[in-house]
Each structure stands twice: as C-alpha cells, then as structure tokens.
Amino acid sequence: MSDLTVSPLVDSSLNPILQPMHAMGHEHILFCNDKATGLKAIIAVHNTVLGPALGGTRMWMYQNEQEALTDVLRLSRGMTYKNAISQLNLGGGKAVIIGDAKSMKSEALFRRFGQFVNTLAGSYITAEDVGISPDDMVHVSKETKHVVGLPGKSGDPSPVTAFGVYMGMKAAAKHQFGSDSLVGKKVAVQGIGHVGAYLVDHLVAEGAIVTITDINEAALQALHAKHGVAVVAADKIYDVDMDIYAPCALGATVNDDTLARLNCSVIAGAANNQLKEESKHGRLLMEKGIIYAPDFAINAGGVINCFSEVEGLSLEWAKQKAEEIYTTIDRILMRSQQEGIPSYQVANQMAEERIQTKGSLNI
Ligand SMILES: NC(=O)c1ccc[n+]([C@@H]2O[C@H](COP(=O)([O-])OP(=O)(O)OC[C@H]3O[C@@H](n4cnc5c(N)ncnc54)[C@H](O)[C@@H]3O)[C@@H](O)[C@H]2O)c1
C-alpha cells in the first residue's frame with residue numbers, strides 16, 4: 001500500500017516511533033500503560049478523513065514492544081484501505097494489547113483499556129479481534145461507548161463476511177469464465193471455521209463442486225456430513241483439481257511454493273493478507289492469468305457488519321451492503337484489465353482516491 005498523506009521519504013531526524021508513523025501516514029498513536037492491571041496496549045489511528053477510525057483490538061503475546069508497534073501500525077493502515085474501498089464513512093485504526101490472552105485477562109484490565117479508548121473521544125471505535133471475546137468487550141463498554149460487536153448487537157460478523165466473499169467470488173468468476181455462475185465450478189476452500197463454513201453453504205446451494213480442508217478434523221467431518229463435500233488433508237489443498245481457490249484460514253498462502261502448485265484460475269477468499277509479498281505475488285498472479293479478488297475488498301463484510309452497529313442499522317442493511325462487494329470486485333478487475341496493473345494495486349489506488357477526494361472536499 002502506498003502512503004496516503006506524506007512523502008515516502010524517510011525523515012531521519014525523527015525518532016524510531018515517529019519515523020514509521022510519518023512514513024506510513026498515521027495520525028495518532030496512544031501508548032497505554034497501567035501497572036495495577038498489567039495493561040500494556042497501543043492504539044493506532046491511521047486516518048480519519050472518511051470518519052472515525054474503526055478496527056478491532058488484538059490481544060497477543062508479542063515478543064517485544066517493537067513487534068507490537070509494527071503490527072498495530074500495519075493493521076491500522078489496512079483498516080483505512082478496507083473501510084475506504086467498501087464505501088464506508090469510516091477511517092482506519094487498530095489496537096493491540098500485549099499479553100497472554102489465556103492468563104492475563106481481567107475485568108479491570110479491559111475497563112482500564114476502555115478508559116484509554118474513551119480518551120480518544122470517538123476518533124477510534126474498537127471491536128473484537130484475535131484473542132478477544134464478546135465478554136471482554138462488555139467490560140470495555142463499561143468505560144466507553146466507542147465499542148461495537150457487543151452481545152445482542154450486530155453479533156457474529158462471519159455470515160455477512162461469508163456472503164460478501166461469495167458475492168466477490170461470483171464477480172471474479174464473471175471476469176475469468178464469462179459468467180458469474182458457480183454451477184459446476186470446482187472450489188477448494190481452505191479453512192472451514194466461522195467464515196469458511198458459511199461460504200461452503202452458499203457454494204453448495206448454488207451447485208459448485210466443493211473440496212474442503214481444515215486442521216480441525218471434527219469440523220471437517222461435520223461439514224462433510226452436512227453437504228457431502230470432498231475432504232482433503234491440510235497440506236493437499238494446493239494440489240487438488242480446482243477452478244477457484246478460496247483461502248479462509250491463514251494469511252500468506254499465496255507464495256512461491258503454492259504458486260507453483262495451485263492450478264486455479266481465480267483466487268477469492270476471506271483470509272487477510274493472502275499474498276505473502278504483495279507486489280511480487282500480486283504481479284505473478286496477473287502474469288499467470290489468475291484473477292485475484294483483493295483480500296481487503298472481498299472480506300469487508302465483517303467491518304460492514306460493525307458499521308451497521310455504529311449507525312444503528314439492521315442486519316438486512318448489512319447484507320445489502322455486503323452484496324455490493326460484487327460491484328466493488330467487478331470494478332477493481334475491470335480497471336486492472338484496462339490498465340494492465342495487478343488487482344491488489346488497483347484496489348489500493350481506489351481506496352486512496354476515495355480518501356483524497358473526500359480530503360480535498362473537506363466535508
Ligand atoms: N470472521 C470474520 O468476519 C472475518 C472478517 C474478515 C476477515 N476474516 C479472516 O478470514 C479468515 C477466517 O476467519 P474465521 O473467523 O472463519 O476464523 P476461524 O478461526 O473461525 O476459522 C479459521 C479456520 O482455519 C482453520 N485452519 C487453521 N490453520 C489451518 C491450516 N493450516 N489449514 C487449514 N485450515 C486451517 C482453523 O482450524 C479454523 O477452522 C481469517 O484469516 C480472518 O482474519 C474473518
């Protein structure tokens with residue numbers, strides 16, 4: 001992703017925190033420390049031109065503070081692009097809590113975190129991410145109203161995410177096969193967790209020929225029993241006969257090794273950061289004639305679901321908005337083809353253009 005707001009030149013007079021912040025265009029970073037509760041957290045607000053910065057809080061046992069800072073800077077910038085490409089009036093932000101999610105959680109820790117979120121006065125809205133449960137967010141919400149994803153509100157975003165991925169996959173199929181029908185198309189789904197399982201429901205309902213894999217044997221057997229879909233071992237998924245590869249588990253699964261094995265002509269899935277090296281593997285996909293639906297555009301159903309909660313909108317609204325992912329992917333792929341540049345790069349440009357237009361309008 002390129003920089004939105006500043007020259008990419010690194011200003012060596014800046015300190016080790018301001019330097020990456022400056023280079024990546026972040027607006028604000030809040031370091032949170034509380035001895036009594038053991039809280040150590042970093043909240044990064046990347047860009048608020050389009051609206052308040054929305055992005056989840058991750059709890060992770062980082063090796064050190066630098067690793068946590070790098071992660072939060074990268075993730076918050078990613079949210080700016082995701083929210084912008086999805087036509088939401090939201091900016092990008094993210095928070096990380098440094099610590100072991102299994103042993104360090106307490107009501108006090110999350111309430112203290114909520115107090116820090118509250119000091120940002122709504123310029124950052126938090127939600128769940130890796131290592132955080134709805135119950136943790138309930139504690140956060142005792143101290144701030146700038147939190148979404150609470151029990152009884154917009155709920156699990158996975159069905160909306162899966163529906164958006166399904167729509168985006170159809171748009172990608174249209175570009176590759178001349179029709180958006182998935183009837184008879186061979187789709188390999190890697191990861192049948194929250195999103196993957198709902199995606200398989202849509203694919204089977206339309207008449208796709210689905211192969212699934214996961215490291216969770218019980219989940220595989222349950223979905224096989226439900227739909228009769230083929231099952232392969234986790235390390236065999238890249239080698240199956242497929243038209244479409246749908247990564248719904250891990251990041252970086254499009255890499256030197258898998259690109260030599262994958263015989264698909266479309267990649268469309270829910271996982272974040274699918275390309276191991278964005279510029280290298282994004283270009284290689286184009287050269288190989290594989291249509292790639294950029295991850296942050298196709299998996300935006302989750303943030304659309306959160307936005308519906310921010311605005312007090314219904315699940316029906318969220319589903320309709322997620323349906324628009326079809327049009328978003330269609331536009332990205334059309335421009336990629338017309339301009340001869342990789343789809344990930346087009347998606348980044350379209351997100352930046354929206355922010356710059358809004359920024360210059362100053363509305
Ligand atoms: N949940 C959402 O709304 C949402 C929104 C946007 C992006 N995403 C991304 O989509 C992906 C899936 O999200 P989720 O909520 O379904 O997560 P999840 O944890 O419910 O499911 C992931 C599944 O992948 C499986 N898995 C892990 N390693 C694997 C491997 N090596 N091979 C095969 N399977 C493996 C896990 O066993 C699990 O069943 C993640 O990358 C997530 O960041 C999710």
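In this predicted model, helix H5 and helix H13 cross in a right-handed manner. H5 spans residues 158–177 and H13 spans residues 325–339; the two pack at an angle of about 35°, and their axes are 7 Å apart. On the H5 side, the contact is made by Gly164, Met167, Gly168, Lys170, Ala171, Ala172 and His175. These residues meet Ile325, Tyr326, Ile329, Asp330 and Leu333 of H13. By class, the residues of this contact divide into seven nonpolar, three polar and two charged. An α-helix has 3.6 residues a turn, so residues three or four places apart point the same way. The spacing of Gly164, Met167, Gly168, Ala171 and His175, all of which belong to the H5 side of the contact, may be read with that rule in mind.

A second helix pair is formed by H11 (residues 301–311) and H12 (residues 315–323), whose axes come within 9 Å and cross at roughly 145°. The crossing of H11 and H12 is also described as right-handed. Here Gly301, Ile304, Asn305 and Ser308 in H11 meet Leu315, Trp317, Ala318, Lys321 and Ala322 in H12. The contact of H11 with H12 comprises five nonpolar, three polar and one charged residues. The two pairs are set side by side below.

| Helix pair | Crossing angle | Axis separation |
|---|---|---|
| H5 and H13 | about 35° | 7 Å |
| H11 and H12 | roughly 145° | within 9 Å |

**Ligand shell**

The ligand is surrounded by 24 residues, and the closest are Thr161, Gly191, Gly193, Ala249 and Gly302. H5 and helix H6 (194–206) each supply at least two residues of this shell. H6 gives the most, with three residues. The shell around the ligand has eleven nonpolar, twelve polar and one charged residues.

**Helix H6 and its surroundings**

Which residues of H6 are buried? They are Val195, Gly196, Ala197, Tyr198, Leu199, Val200 and Leu203. The buried residues of H6 pack against two helices and three strands, namely H5, helix H7 (217–227), strand E7 (186–190), strand E8 (209–213) and strand E10 (244–247). H5 thus recurs in this description: H5 packs with H13, supplies residues to the ligand shell and receives the buried residues of H6. After H6 comes Gly207, with a positive phi near 105°.

**Positive phi outside glycine**

Most residues other than glycine have a negative phi, and most peptide bonds are trans. Gln87 has a positive phi, near 60°, and is a residue other than glycine. Gln87 is placed in the loop between helix H2 (65–85) and strand E5 (91–98). Gln87 counts as partly exposed because 15 C-beta neighbours lie inside 10 Å. Asn273 likewise is not a glycine and has a positive phi, of about 50°. The loop that holds Asn273 runs between strand E11 (266–267) and helix H9 (278–287). With 16 other C-beta atoms within 10 Å, Asn273 is partly exposed.

**Residues distant in sequence**

Gln356 lies in helix H14 (residues 343–361). Its C-alpha atom is 9.5 Å from that of Leu50, although Gln356 and Leu50 are 306 residues apart in sequence. Is Gln356 buried or partly exposed? Gln356 is partly exposed, because 14 other C-beta atoms lie within 10 Å.

Ile215 is located in the loop between E8 and H7. Ile215 counts as exposed, because 11 C-beta neighbours lie inside 10 Å and the cut-off for an exposed residue is 12 or fewer. The C-alpha atoms of Ile215 and Ala249 are separated by 9.8 Å, and the two residues are 34 residues apart along the chain. Ala249 is also among the closest residues to the ligand.

**Overall architecture**

The protein has 14 helices and twelve strands. Its radius of gyration is 20 Å, close to the 21 Å that the globule rule gives for 363 residues, so the protein is as compact as a globular protein of that length. Along the principal axes, the C-alpha atoms fill a box of roughly 55 × 45 × 40 Å. Of the 363 residues, 48% are buried. Among contacts with a separation of 6 or more, 65% join residues 24 or more positions apart.

How values were computed
Residues are numbered from 1 along each chain as its sequence is written. This is a predicted model: local features need pLDDT of at least 70, side-chain atom pairs count only at pLDDT 80 or more; totals for chains, interfaces and linings use all residues. Helices (H or I, at least four residues) and strands (E, at least two) are DSSP runs, numbered from the N terminus. The radius of gyration is taken over C-alpha atoms; the globule rule is 2.2 Å times the number of residues to the power 0.38. A residue is buried if 20 or more other C-beta atoms lie within 10 Å of its own, exposed if 12 or fewer, and partly exposed in between; C-beta atoms are placed from the backbone. Two residues are in contact if their C-beta atoms, placed from the backbone, lie within 7 Å. Axes are lines fitted to C-alpha atoms, for helices over the stretch in contact, and angles run from 0 to 180 degrees between N-to-C directions. A crossing is left-handed if the near helix is turned anticlockwise from the far one by less than a right angle, and right-handed if clockwise. Ala, Val, Leu, Ile, Met, Phe, Trp, Tyr, Cys and Pro count as nonpolar, Asp, Glu, Lys and Arg as charged, and the others, Gly among them, as polar. A residue is near a molecule or strand if its C-beta atom, placed from the backbone, lies within 6 Å of it.
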